[in-house]
Amino acid sequence: MRFWLVLILAAVSAAADLRFEDVAAKGGIDFVLHNSPTPEKHMIETMAGGLAVFDYDGDGKPDIFFTNGAALPSLKKTGPMYWNRLYHNEGNLKFRDVTEQAGVAGEGYSMGAAAGDYDNDGKPDLFVAGVNRNILYHNLGNGKFEDVTERAGIRSGEWAVAAGWFDYDRDGRLDLWVVHYAKWSVNDDRYCGDRSRGIRIYCHPKYFQGLASTLYHNRGDGTFEDVSAKAGIAAFPGRGMSVAFADYDGDGYPDVFVTNDNMPNFLFHNRGNGTFEEVGLLAGVAMREDGKAVASMGADFRDYNNDGLPDIAVTALAGETFPLFRNLSKGNFADATYASGLAGLSTHHSGWGTGLFDLDNDGWKDLFTSNSHVNDRVEMFEAAVYKEPDTVFLNLGNGKFQDVSHEAGLNEVKAHRGSGFADFDGDGKIDVVVSSLEGPVELWHNITSAQNHWLDLKIDRIGTRVQIGQQWNEMTSAVSYASSSLIPVHFGLGNQTKAERVVIVWPDGKKRILTGVKADQIIAVAP
């Protein structure tokens, strides 16, 4: 009884301490996402909003890239209002728009972003997914990027929503997974809604024919090969929204989770021979435990309960809950949405971006979600709302979560979409940047007063796993909805002033062990 009382009191204290302040405007971030809403209610309009957080110039401060829409029906960026935008972190939570000098204004109707160093030159590159137009930017290292899409063999022509970098064959080079939503044309003119009242809405996903993901193998010479058919994933069309990676069964090869809109999610098990098998239903992550497929949006693939096994957190629409799949080991997952308390906490929310990060540095990963419904007229048809505040669910450390959003100051009601995570000011606390349709972005500065300790490990190799005590974390940049956060691996240490033992497992299986590492610092670790 005493133990539980202490735990409850600690949770209440943490809830009282967790605080955020939106500093986007005073920090110089004036970006507004223009999704070009039309009377025709084209589905692409409501699905924009991915972003990327990465230190493009290597100065140790994470920068922010926002994707943007385009004019309709042309799908062209007809002016600066439609440019994708890159903001350089100047320090002290101040940012400067460097889009033009960096050369990343982009083309077409952009949606998702993925950061990763595909050529191992120490400079992170950027992939931008969009409607019929994808772009691969090579980082030149002088503050500029070069569009190498055609030369690299990356194709366009389909509606790509999201993408992610991972090394599926462990050859030391990052490969690219691109998620597609569906076949779509600007000439599609199905009327959905209530004609008698003249209310037109975005059509249900069931009217869209899904597309398979594309897997590009990195040849190591700056070019990529489409190996989707060879790898076995071309046979699985879906209405993909996001992608996340982790080695869920501990066989040493990264696996792939793809969220699907109103159809079963995919879990592609990496066989280790260049091929994948889709095991979502068998593993227990395709649908909720009641057998219902939901409008799965964003995802994160991390260990939330400190048992060393990566779990899966998903966002969905109001009435569907935000599913949480707990890894049971041996390739199986259990639906922990109700057991964790997230079912009741999230059932009235609609979510897009999501991330499992230790926001109060107490040693337990909390859950942040950026929220809004997909249908801007949902209030005329359902007991749901369109625009919402973001939410943060505090991890109580006993397998359960607590909604502390209001106390934390997350009070801006918008049509939120993508989200990115990083310690933008170097104070050891994870901050959050969130996009929204036709509204100012938010940069939630974490001003939590609790003085818990922390440790960040700067690791170049995506796919690396790190253990400190009972905590595990993944080096990945694929997180949230159509977004990317390429940042050091973060650990909250609570009241511990040092990490007694840090175990680093590289993608090739080799280990490195550090002992007696002082807390409250960022350390670079190489094999």
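Is Trp184 buried or exposed? In this predicted model, Trp184 counts as buried, since its relative accessibility of 12% falls under the 20% limit used for that label. The residue is found in the loop between S11 and S12. A look at its surroundings helps to place it. Beyond its neighbours within four places in sequence, Trp184 is in contact with His42, Met43, Ile44, Leu75, Val131, Trp159 and Phe208. One of these partners, His42, is 142 residues away along the chain, yet the C-alpha atoms of His42 and Trp184 are separated by 9.2 Å.

Trp159, another of these partners, leads into the nonpolar interior. The largest nonpolar core holds 86 residues, and within it Met47, Trp159 and Trp177 touch the most other members. With neighbours within four places in sequence again left aside, the contacts of Trp159 include Met43, Ile44 and Met47, as well as Met111, Val179, Tyr181 and Trp184. Met43 and Ile44 thus appear in the contact lists of both Trp159 and Trp184. Apart from this core lies another one, of 35 residues, with Leu457, Leu493, Ala499 and Ile504 among them.

The loop that carries Trp184 also contains one end of a disulfide, Cys192. The structure holds one such link, joining Cys192 to Cys203 with an S to S distance of 2.0 Å. The angle about the S-S bond is 100 degrees, and the link is right-handed. Cys192 lies between strand S11 (175-180) and strand S12 (193-194), while Cys203 sits in the loop between strand S13 (199-200) and strand S14 (214-218), so the bond ties together parts that are eleven residues apart in sequence. Both cysteines are buried.

A further buried loop residue is Thr321, with a relative accessible area of 4%. Thr321 is found between strand S21 (311-314) and strand S22 (324-329). Outside its neighbours within four places in sequence, Thr321 is in contact with Arg288, Ala316, Thr337, Ala343, Ser346 and Thr347.

Turning to the strands, four of them form an open antiparallel sheet in the order S1-S30-S29-S28. Strand S1 (20-22) and strand S28 (416-422) stand at the edges; each has a single partner strand, so one side of each is left without a neighbour in the sheet. On average, and with direction ignored, neighbouring strands of this sheet are turned by 25 degrees against each other. S28 pairs with strand S29 (residues 431-436) in the antiparallel sense over five bridges, and Gly420 stands opposite Val433 in S29.

Technical notes. Residues are numbered from 1 along each chain as its sequence is written. This is a predicted model: local features need pLDDT of at least 70, side-chain atom pairs count only at pLDDT 80 or more; totals for chains, interfaces and linings use all residues. Side-chain values use heavy atoms; hydrogens and water are left out. A nonpolar core is a set of buried Ala, Val, Leu, Ile, Met, Phe, Trp, Tyr and Cys residues joined through side-chain atoms within 4.5 Å. Buried means under 20% relative accessible area, exposed over 50%, partly exposed in between (1.4 Å probe, protein chains only). Contact means heavy atoms within 4.5 Å. A disulfide is a pair of cysteine sulfur atoms within 2.5 Å. Helices (H or I, at least four residues) and strands (E, at least two) are DSSP runs, numbered from the N terminus. Two strands pair if DSSP finds at least two bridges between them. Axes are lines fitted to C-alpha atoms, for helices over the stretch in contact, and angles run from 0 to 180 degrees between N-to-C directions.
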